[in-house]
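Biologist: Please show me how to read a structure feature by feature, giving the general idea and then the case in hand.

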Amino acid sequence: MSAGTMLAGRLNIETKEFTLSEVPIPEPGPGFVRVKVGAAGVCLSDVHLIQGLLRPQFLQGSEVTLGHEAAGTVDLPGPE
Ligand SMILES: [Zn+2]
């Protein structure tokens, strides 16, 4: 894994293929913080994505990171 990247469990919503992918570490925008995830649970929304019953409204491309029920510690505050 290269500097400035992290691993994410990604689902291709077209092919239903799950991969562990290297993705850029996000920078927090104004009024946001970045959280270093310590654990993430599986939500029914993840199951619905896998089953094709739910499609992310603002997804760019066809891959989505699963596990939005996350817990962790604030890693970096954004501006403001
Ligand atoms: Zn959820």
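Biologist: Let us start with one acidic side chain: is Glu-27 buried or exposed?

Modeller: Relative accessible area decides this, with buried meaning under 20%, exposed over 50% and partly exposed in between (1.4 Å probe, protein chains only). Glu-27 has 63% relative accessibility, so it counts as exposed. Bear in mind that this is a predicted model, in which local features need pLDDT of at least 70 and side-chain atom pairs count only at pLDDT 80 or more, while totals for chains, interfaces and linings use all residues. Residues are numbered from 1 along each chain as its sequence is written, and side-chain values use heavy atoms, with hydrogens and water left out.

Biologist: Which residue forms a salt bridge with Glu-27?

Modeller: Side chains of opposite charge can pair when their charged atoms come close. The term is applied to a side-chain nitrogen of Lys or Arg within 4 Å of a carboxyl oxygen of Asp or Glu. For Glu-27 the partner is Arg-34, with the closest N and O atoms 3.7 Å apart, and Arg-34 counts as buried because its relative accessibility is 18%. Arg-34 also meets the side chain of Asp-75 in a salt bridge, at 2.6 Å from N to O. Since Asp-75 lies in strand β5 and Arg-34 in strand β3, this pair ties together parts that are 41 residues apart in sequence. Asp-75, at 38% relative accessibility, counts as partly exposed, and the three residues Glu-27, Arg-34 and Asp-75 are linked in a network of salt bridges. The backbone around Asp-75 offers another long-range neighbour, for its C-alpha is 5.5 Å from that of Lys-36, although the two are 39 residues apart in sequence.

Biologist: You have mentioned strands, so how many helices and strands are there in the chain, and in what order do they run?

Modeller: Helices (H or I, at least four residues) and strands (E, at least two) are DSSP runs, numbered from the N terminus. The chain has one helix and five strands, and from the N terminus on they follow the order β-β-β-α-β-β. The C-alpha trace spans about 40 × 25 × 25 Å along its principal axes, and of the 80 residues of the chain 20% count as buried.

Biologist: How many salt bridges does the structure hold, and which residue pairs with Glu-14?

Modeller: The structure holds four salt bridges, and one of them joins Glu-14 to Arg-55, whose closest N and O atoms are 3.0 Å apart. This pair links distant parts of the chain, because Glu-14 sits in the loop between β1 and β2 whereas Arg-55 sits in the loop between α1 and β4 (63-65), 41 residues apart. Glu-14 is partly exposed, with a relative accessible area of 48%, while Arg-55 at 53% counts as exposed.

Biologist: What is the volume of the largest pocket, and which residues lie nearest its centre?

Modeller: On a 1 Å grid over the protein atoms alone, a pocket is an open set of points where a 1.4 Å probe fits, with protein on both sides within 12 Å along at least five of seven lines, and lining residues have an atom within 4 Å of a point. Here the largest pocket has a volume of about 810 Å³. Its lining comprises 26 residues, and Met-6, Val-37, Thr-65, Leu-66 and Gly-67 lie nearest its centre. The elements that give two or more residues to this lining are β1, β2 (18-24), β3 (33-41), α1 (44-51) and β5 (69-77).

Biologist: Where is Met-6, and what else does it belong to?

Modeller: Met-6 lies in strand β1 (residues 5-12) and, at 34% relative accessibility, counts as partly exposed. A nonpolar patch joins side chains of Val, Leu, Ile, Met, Phe, Trp or Tyr within 5 Å, taken from residues with over 30% relative accessible area and no salt bridge. Met-6 makes such a surface patch, of about 500 Å², together with Met-1, Leu-7, Leu-20 and Ile-25.

Biologist: Which backbone angle of Lys-16 deserves a look?

Modeller: Phi of Lys-16 is near 65 degrees, a positive value in a residue other than glycine, and this lysine is placed in the loop between β1 and β2. Glu-80 likewise has a positive phi, near 70 degrees, and lies in the segment after β5, where it is exposed with a relative accessible area of 85%.

Technical notes
Patch = residues over 30% accessible without salt bridge, like charges linked within 9 Å, V, L, I, M, F, W, Y side chains within 5 Å. Areas by Shrake-Rupley, 256 points an atom, 1.4 Å probe, with all protein chains shown as cover. Points joined across faces, edges and corners; volume = space filled by probe spheres on them.
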